[in-house]
Amino acid sequence: LPQEDTIFEYRVDLKTGQWMHWNQSIPPWKYPGDDKLEFSTLFISTLDSSRLLYLMECNAIQKRAVLLMGGSGTAKTVTIEQFLTNWAAKPENDLFTWKKSNFSSATTPG
């Protein structure tokens with residue numbers, strides 16, 4: 001491994017058995033293609049989001065729960081939405097469905 005990186009920047013490619021930098025897992029961003037582009041709906045993959053989506057999938061395959069923690073604005077919600085969208089699109093998950101409920105950091109008990 002290069003000196004400037006840590007082990008956390010790499011994963012083992014399951015097909016080749018070789019170390020692979022997480023940057024190689026980032027899918028290229030594609031412009032949605034319409035004139036009604038909404039900033040709030042954009043999801044641009046990063047090293048961290050690619051790593052997190054991969055780990056969330058590993059946990060889902062094993063039927064393990066996932067809890068994302070972090071401050072406001074750290075992409076927890078959009079990361080989970082991206083995972084659920086990808087997961088539901090797989091043919092083997094044809095019985096899977098999900099529904100979104102909005103909460104806010106400003107929500108207080110009534």
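## A walk through the model

Before clicking on anything, colour the chain by confidence: this is a predicted model, with a mean pLDDT of 83 and 93% of its residues at 70 or more. Among the elements of the chain, E2 has the highest mean pLDDT, at 90, while H2 has the lowest, at 86.

**Stop one: the core.** Select Phe43, Leu53, Met56, Leu68, Phe83, Leu84 and Trp87. These seven residues make up the largest nonpolar core. Now show helix H1 (47–61) and helix H2 (76–89) as ribbons: each supplies at least two residues of this core. Which helix gives the most to it? That is H2, with three residues. As background, nonpolar side chains in soluble globular proteins tend to be buried together.

Stay here and centre on Leu68. Leaving aside residues up to four places away in sequence, Leu68 touches Leu52, Met56, Lys76 and Ile80.

**Stop two: valine 78.** Still in helix H2, pick out Val78. Is Val78 buried or partly exposed? Its relative accessible area is 28%, so Val78 counts as partly exposed. Draw a distance from its C-alpha to that of Ser49: you should get 9.7 Å, for two residues 29 apart along the chain.

**Stop three: the salt bridges.** There are two to find. General chemistry first: side chains of opposite charge can pair when their charged atoms come close.

Start with Arg51 and Asp48, whose closest N and O atoms are 2.5 Å apart. Both sit in helix H1, three residues apart, or about one turn of the helix. Show the surface around Arg51 and you'll find a buried residue, because its relative accessible area is 18%, under the 20% cut-off.

Then jump to Lys90 and Glu57, which meet in a salt bridge at 2.3 Å, N to O. Why pause on this pair? Lys90 belongs to the segment after H2 and Glu57 to helix H1, so the bridge ties together parts that are 33 residues apart in sequence. Lys90 is partly exposed at 22% relative accessible area, and Glu57 is partly exposed too, at 27%.

**Last stop: a nonpolar patch outside.** Turn on the molecular surface and select Ile7, Phe8, Val12 and Trp19. Together they make a nonpolar surface patch of about 430 Å². Finish by switching back to ribbons and following Trp19, which lies in strand E2 (residues 19–21). That brings you back to the element with the highest mean pLDDT.

Key:
Residues numbered from 1 in each chain as written. Predicted model: local features only at pLDDT ≥ 70, side-chain atom pairs only at ≥ 80, totals over all residues. Heavy atoms only, no water. Patch = residues over 30% accessible without salt bridge, like charges linked within 9 Å, V, L, I, M, F, W, Y side chains within 5 Å. Areas by Shrake-Rupley, 256 points an atom, 1.4 Å probe, with all protein chains shown as cover. Salt bridge = Lys/Arg side-chain N within 4 Å of Asp/Glu carboxyl O. Helix = DSSP H or I, 4+ residues; strand = E, 2+ residues; numbered from the N terminus. Core = buried A, V, L, I, M, F, W, Y, C linked by side-chain atoms within 4.5 Å. Buried < 20%, exposed > 50% of the residue type's maximum accessible area, 1.4 Å probe, protein only. Contact = heavy atoms within 4.5 Å. pLDDT = per-residue confidence, 0-100.
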